Amino acid sequence: KELVELAAEDKNIAIIFEEFSDNLSHFIKGFIEKEKPEVLVIGGNIAQTWDRFVPALKKNLAKMNSTLPIVRAQLGEEAALLGAAGLFA
């Protein structure tokens, strides 16, 4: 959140998000190869910065020959609460 707020003032913020996208794509590529997921869902606070890193993440994964769909979680912060409540049902 703080990085996004400072992005207009500090050009290094864009570099930080680009580096994050690069590192995340390498991590996720290993996960994809091992676990073979059908879709990657990004949620939590990081999803609020979607526009800052997901386009580069998708581009990096495409360069690695990954066609895995990447979507933003629809429930946001409530997902963890609903998941925990589901354990008691």
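Modeller: Let us begin with the terms of exposure: a residue is buried under 20% relative accessible area, exposed over 50%, and partly exposed in between, with a 1.4 Å probe and protein chains only. The model discussed here is a predicted one, in which local features need pLDDT of at least 70 and side-chain atom pairs count only at pLDDT 80 or more, while totals for chains, interfaces and linings use all residues. Residues are numbered from 1 along each chain as its sequence is written, and side-chain values use heavy atoms, with hydrogens and water left out.

Colleague: Why is Lys-58 called partly exposed?

Modeller: Its relative accessibility is 40%, and this value falls between the limits for buried and exposed, so Lys-58 is partly exposed. Lys-58 belongs to helix 3.

Colleague: What makes a stretch of the chain a helix or a strand?

Modeller: Both are DSSP runs, numbered from the N terminus: a helix is a run of H or I of at least four residues, and a strand is a run of E of at least two. By that definition the protein has four helices and two strands, in the order α-α-β-α-β-α from the N terminus. Helix 3 covers 50–63 and strand 2 covers 70–72.

Colleague: With which residues is Lys-58 in contact, leaving aside its neighbours within four places in sequence?

Modeller: They are Trp-50 and Ile-70, where contact means heavy atoms within 4.5 Å. In addition, the C-alpha atoms of Lys-58 and Ser-25 are separated by 8.0 Å, although these residues are 33 apart along the chain. For the protein as a whole, 68% of the contacts between residues at least 6 apart in sequence join residues at least 24 apart.

Colleague: How do you know that Thr-49 is buried?

Modeller: Thr-49 has 8% relative accessibility, which is below the limit for a buried residue, and therefore it is buried. Thr-49 lies in the loop between strand 1 and helix 3. Beyond its neighbours within four places in sequence, Thr-49 is in contact with Val-4 and Phe-17.

Colleague: Where is Ser-66, and why is Ser-66 called buried?

Modeller: Ser-66 is placed in the loop between helix 3 and strand 2. Its relative accessibility of 12% is below the limit, so Ser-66 too counts as buried. Not counting residues up to four places away in sequence, Ser-66 touches Lys-29, Ile-32 and Leu-61. Across the protein, 25% of the 89 residues are buried.

Colleague: What makes the pair Glu-33 and Lys-29 a salt bridge?

Modeller: A salt bridge is a side-chain nitrogen of Lys or Arg within 4 Å of a carboxyl oxygen of Asp or Glu. The closest N and O atoms of Glu-33 and Lys-29 are 3.7 Å apart, so the pair meets the rule. The count by this rule comes to one salt bridge. Side chains of opposite charge can pair when their charged atoms come close.

Colleague: How are Glu-33 and Lys-29 placed in helix 2, and how is each classed by exposure?

Modeller: They are four residues apart in helix 2, which means a separation of about one helical turn. Glu-33 is partly exposed because its relative accessible area is 47%, whereas Lys-29 is buried because its value is 16%.

Colleague: What is noted about phi of Lys-36 and phi of Asn-65?

Modeller: Most residues other than glycine have a negative phi, and most peptide bonds are trans. Phi of Lys-36 is positive, near 55 degrees, and phi of Asn-65 is also positive, near 65 degrees. Lys-36 sits in the loop between helix 2 (12–35) and strand 1 (40–42), while Asn-65 sits in the loop between helix 3 and strand 2. Lys-36, with 61% relative accessibility, counts as exposed, and Asn-65, with 70%, is exposed as well.

Colleague: Why is Gly-76 called partly exposed?

Modeller: Gly-76 has a relative accessible area of 32%, between the two limits, and is therefore partly exposed. Gly-76 is located in the loop between strand 2 and helix 4 (78–88). Gly-76 and Glu-35 are 41 residues apart in sequence and 24 Å apart in space, C-alpha to C-alpha.

Colleague: What are the dimensions of the box filled by the C-alpha atoms of the protein?

Modeller: Taken along the principal axes, the box is roughly 50 × 35 × 15 Å.
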